[in-house]
Amino acid sequence: MNIILFGPPGAGKGTQAKYLVKKLNAFHVSTGEILRSEIKRNTEIGKKIIHNMNDGKFVSDEIVNNLIKNIIFDIQKKNKLIFDGYPRSLTQAKNLNKLLDETTQKINFIFFLNVNKETILNRIEKRKVLENRSDDNTDTIIKRYDTYMETTKPVLDFYSKNQNFVEIDGSLEIDEITRKIDTFINV
Ligand code: AMP
């Protein structure tokens, strides 16, 4: 089963992705993680993307699409892909469709974890108190949220026409979201 988790930063995609990976014995395809690893290893790609990443801007479609290609063509991962953070643009969404076609795969479900700005802010405030995290700067988070919503709108329009598109209220508790996802994937 191949699944796309779609939604703004703070919607809980990563948490649900980890659950699905375990349950379905699948692979977590987080482009954010892949890109951070390129930077950490100081690769040629890493050097190219470091500035965009640090500014919270998107990395070019060309770079991201190339990195994704290897994963989709990996036979061991066939039909075991949980996408988290990809696709983020229409070009990426079309590229994904093309690569899946080429490898005789499809997307089984697109779960859109829809969550409003207010909920994200409440969560950050809670997390600040609980975990004392220094990276949870409210302004930065708002900016990332707005950028995400604006730039991914065409992707949302593209997928919302799909039969396998499922919108889930991302402001629900983690367990409740998981339960909702389960009702679709448990066949
Ligand atoms: P994430 O961990 O998904 O929040 O991604 C962290 C950062 O990685 C983003 O702010 C972007 O700079 C970059 N990034 C991750 N996925 C993509 C993507 N599909 N397309 C372009 N940039 C991405």
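Mentor: Buried means a relative accessible area under 20%, exposed means over 50%, and partly exposed lies in between. The model to which these words apply here is a predicted one.

Trainee: Is Lys-77 buried, exposed or partly exposed?

Mentor: Its side chain meets that of Asp-74 in a salt bridge, at 3.7 Å from N to O. The partner, Asp-74, has 25% relative accessibility and counts as partly exposed. Lys-77 has a relative accessible area of 22%, which lies between 20% and 50%, so Lys-77 is partly exposed.

Trainee: Which helix holds both Lys-98 and Glu-102?

Mentor: These two residues form a salt bridge, with the closest N and O atoms 3.6 Å apart. Lys-98, at 47% relative accessibility, is partly exposed, and Glu-102, at 43%, is partly exposed as well. They are four residues apart, about one turn of the helix, and that helix is α5.

Trainee: How many residues apart in sequence are the parts that the pair Asp-146 and Lys-117 ties together?

Mentor: The closest N and O atoms of this salt bridge are 3.2 Å apart. Asp-146 belongs to helix α7 and Lys-117 to helix α6, so the parts tied together are separated in sequence by 29 residues.

Trainee: Where in the protein chain is confidence lowest?

Mentor: The chain as a whole has a mean pLDDT of 91, and 96% of its residues reach 70 or more. Confidence is highest in β3, at 98. The lowest mean, 79, belongs to residues 117–131, which form helix α6.

Trainee: Which element gives the most residues to the largest nonpolar core?

Mentor: In soluble globular proteins, nonpolar side chains tend to be buried together. The largest such core here has 26 residues, and Ile-4, Ile-68 and Phe-83 are among those with the most contacts inside it. Elements giving two or more residues include β1, β3 and α5. The greatest contribution, six residues, comes from α4.

Trainee: What arc around the axis do the buried residues of α9 cover?

Mentor: The buried residues of α9 are Ile-177, Thr-178, Ile-181, Asp-182 and Ile-185. They lie on the same side of α9, and they pack against β1, α1, β4 and β5. On the other side, Arg-179 and Thr-183 are exposed. The buried set is placed on one side because its arc is only 140°.

Trainee: How far apart are the end C-alpha atoms of helix α9?

Mentor: The helix has 12 residues, and at 1.5 Å a residue the expected span is 16 Å. The distance in the model agrees with that expectation, at 17 Å.

Terms used: Residues are numbered from 1 along each chain as its sequence is written. This is a predicted model: local features need pLDDT of at least 70, side-chain atom pairs count only at pLDDT 80 or more; totals for chains, interfaces and linings use all residues. Side-chain values use heavy atoms; hydrogens and water are left out. A nonpolar core is a set of buried Ala, Val, Leu, Ile, Met, Phe, Trp, Tyr and Cys residues joined through side-chain atoms within 4.5 Å. Buried means under 20% relative accessible area, exposed over 50%, partly exposed in between (1.4 Å probe, protein chains only). pLDDT is the predictor's confidence in each residue, from 0 to 100. The expected span of a helix is 1.5 Å times one less than its number of residues. The arc is that of the directions from the helix axis to the C-beta atoms. Contact means heavy atoms within 4.5 Å. A salt bridge is a side-chain nitrogen of Lys or Arg within 4 Å of a carboxyl oxygen of Asp or Glu.
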